[in-house]
Amino acid sequence: MPHRSETRKLPYAARQIYDLVADVERYPEFLPWNSAARIRSRAPGPDGSEVIEADLVISFKVFRERFGSRVTLWPDDLKIDTEYLDGPFRYLRSGWSFRDLEAGGCEVDFFVDFEFRNAILARLIGVVFDEAMSRIVRGFEDRARALYG
């Protein structure tokens, strides 16, 4: 059951990084192993949130898997929560929160927790999980540099 949580300080406004992470449709442009993204639906949610249901296609070596998730955007709180809908996982949860720092820049808290149904894929990911997560985090950081300088 891979799990990862990280806190990063970035030299950008919290709103900028929130907007970057909330732009699920653009993930294939900058995230490793993400070969496609499709928005199933987008609707207002409770308490000023927006709920997006999306499909992402992850391609890794010989594996190509589609999974669906419900992404709840909390623009006033600068938070993003993700719940698993369908695909190759037993479960998947992730969350982001963004906070401006007094000295400038922002702090980003991120966690992901998941388990694959396929034992072979689970073992394969288990071996490279830390490196894969580092590359994904770098993908977001590189995208922020490209967009915001």
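In this predicted model, S59 stands opposite R64 of strand β4. The two strands concerned, β3 (residues 50-60) and β4 (residues 63-74), pair in the antiparallel sense over 11 bridges.

This pairing belongs to an open sheet of 7 strands, ordered β1-β7-β6-β5-β4-β3-β2 with antiparallel pairing. The edges are occupied by β1 (3-10) and β2 (34-44); each has a single partner strand, so one side of each lacks a neighbour in the sheet. On average, and ignoring direction, neighbouring strands are turned by 20° against each other. Helix α1 (residues 14-22) packs on this sheet, where it touches β1, β3, β4, β5 (79-86), β6 and β7 (106-116). The direction of helix α1 makes about 155° with that of β6.

The aromatic residues may be considered next. Across the whole structure, 13 aromatic pairs are found. One of them joins W96 and F98: the ring centres are 6.0 Å apart and the planes lie at 5°, under the 30 degrees that bounds stacking, so the pair counts as stacked. Both residues are buried, W96 with a relative accessible area of 12% and F98 with 4%.

W96 also forms an edge-to-face pair with F140, at 5.1 Å centre to centre and with 70° between the planes. Because W96 lies in strand β6 (residues 89-100) and F140 in helix α3 (residues 119-148), this pair ties together parts that are 44 residues apart in sequence. F140 likewise counts as buried, at 10% relative accessibility. W96, F98 and F140 belong to a cluster linked by ring pairs, which also includes Y18, Y27, F30 and F110.

Notes. Residues are numbered from 1 along each chain as its sequence is written. This is a predicted model: local features need pLDDT of at least 70, side-chain atom pairs count only at pLDDT 80 or more; totals for chains, interfaces and linings use all residues. Side-chain values use heavy atoms; hydrogens and water are left out. Rings of Phe, Tyr and Trp (its six-membered ring) pair if their centres lie within 6.5 Å; planes under 30 degrees apart count as stacked, over 60 as edge-to-face and the rest as tilted. Buried means under 20% relative accessible area, exposed over 50%, partly exposed in between (1.4 Å probe, protein chains only). Helices (H or I, at least four residues) and strands (E, at least two) are DSSP runs, numbered from the N terminus. Two strands pair if DSSP finds at least two bridges between them. Axes are lines fitted to C-alpha atoms, for helices over the stretch in contact, and angles run from 0 to 180 degrees between N-to-C directions. Contact means heavy atoms within 4.5 Å.
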